[in-house]
Amino acid sequence: MNENMSRKLHFWDAVWDLQLAQCPCDVHFCDWLETEKITDASIFHFGTGSHHVIGIRTAENGSNNCVLGITASPGEYESFVKLAIDRPDVEKSYKVFFGDIYQLEKRLLPEFDVVTLFHLCEFRDERNDLYGALTDLEVATMLTELTRPGGYIIFYTKSFAFDTAEKVIAVWETEQQVEKVGLYETLLVYRKTG
Ligand SMILES: C[S@@+](CC[C@H](N)C(=O)[O-])C[C@H]1O[C@@H](n2cnc3c(N)ncnc32)[C@H](O)[C@@H]1O
């Protein structure tokens, strides 16, 4: 690896449009929110894609939920800027920021009612280590600490890295006050108990 490159942020040099056959997690999540009749909730979402389906559907379905999404893709972030300009009705309850989730700063974040960790273990590698980024377990821990008691933390069982994520989840659930609620479609739902 080039030494100058090594100090740069490990961003995602791709743009992901909605591909339901390959990655239905965001749509399953919207379905879950509606099935569970979750309203007035604040949601943290890991990995927006360029389709922004969670932000758009949340804004349109009358739930009064609001979403803070993170993307590590410059192209996806650009698509959010366009969406925000074209659809202020969506932008009101949907904000996206660009960054590496492994660099989350707890002091800058509010509490959430629901957290998605769909892409845990998919993207972190030695490029994140080069600038001392958080681990997958540390990200899961921080976002659990920021989840209100009774809130939900949700994983994606069809992630290509779910076998690795499962090992992180196994440690995480012994360390946190959480209980497994069960499966919904491709999603694994936990609830914070304390
Ligand atoms: C395969 S796409 C899936 C997008 C969407 N959740 C879906 O299922 O359609 C992976 C997403 O993870 C985001 N991502 C990748 N690495 C990330 C990182 N280090 N921090 C935050 N987001 C990241 C990408 O920007 C992208 O939005």
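These legends accompany several close-up views of a predicted model.

**View 1. The shell around the ligand.**
Welcome to the ligand site, where 21 residues surround the bound molecule. Gly47, Gly49, Ala72, Ile101 and Phe123 are the closest of them. Sorted by class, the shell holds 12 nonpolar, 6 polar and 3 charged residues. Two elements to look for here are helix 2 (25-35) and strand 2 (66-71), each of which supplies at least two residues of the shell.

**View 2. The buried side of helix 2.**
Let us stay with helix 2, whose buried residues are Cys25, Asp26, His28, Phe29 and Leu33. Because these residues cover an arc of only 160° around the axis, they sit on the same side of helix 2. Their cover includes helix 3 (53-60) and strand 4 (112-116), as well as strand 5 (147-156), strand 6 and strand 7. If you follow the chain just past the end of helix 2, you will meet lysine 37, with a positive phi of about 55°.

**View 3. The hairpin of strand 6 and strand 7.**
Here strand 6 (residues 178-184) and strand 7 (residues 187-192) run antiparallel, joined by 6 bridges. To find your way along the pair, start at valine 178, whose bridge partner in strand 7 is lysine 192. At the turn, 2 residues lie between the strands. Both strands have appeared already, since strand 6 and strand 7 are among the elements that cover the buried residues of helix 2.

**View 4. Glutamate 185 in its loop.**
Zoom in on the loop between strand 6 and strand 7, and you will find glutamate 185. Most residues other than glycine have a negative phi. Glutamate 185, however, has a positive phi, near 50°, without being a glycine. How buried or exposed is glutamate 185? Glutamate 185 counts as partly exposed, because 15 C-beta neighbours fall inside 10 Å.

**View 5. Asparagine 64 in its loop.**
Our last stop is the loop between helix 3 and strand 2, home to asparagine 64. Asparagine 64 is not a glycine, yet phi is positive here too, at about 60°. A count of the surroundings gives 11 other C-beta atoms within 10 Å, so asparagine 64 is exposed. The two elements flanking this loop are familiar from earlier views: helix 3 helps to cover the buried residues of helix 2, and strand 2 supplies at least two residues of the shell around the ligand.

Note on methods: Residues are numbered from 1 along each chain as its sequence is written. This is a predicted model: local features need pLDDT of at least 70, side-chain atom pairs count only at pLDDT 80 or more; totals for chains, interfaces and linings use all residues. A residue is near a molecule or strand if its C-beta atom, placed from the backbone, lies within 6 Å of it. Helices (H or I, at least four residues) and strands (E, at least two) are DSSP runs, numbered from the N terminus. Ala, Val, Leu, Ile, Met, Phe, Trp, Tyr, Cys and Pro count as nonpolar, Asp, Glu, Lys and Arg as charged, and the others, Gly among them, as polar. Two strands pair if DSSP finds at least two bridges between them. A residue is buried if 20 or more other C-beta atoms lie within 10 Å of its own, exposed if 12 or fewer, and partly exposed in between; C-beta atoms are placed from the backbone. The arc is that of the directions from the helix axis to the C-beta atoms. Two residues are in contact if their C-beta atoms, placed from the backbone, lie within 7 Å.
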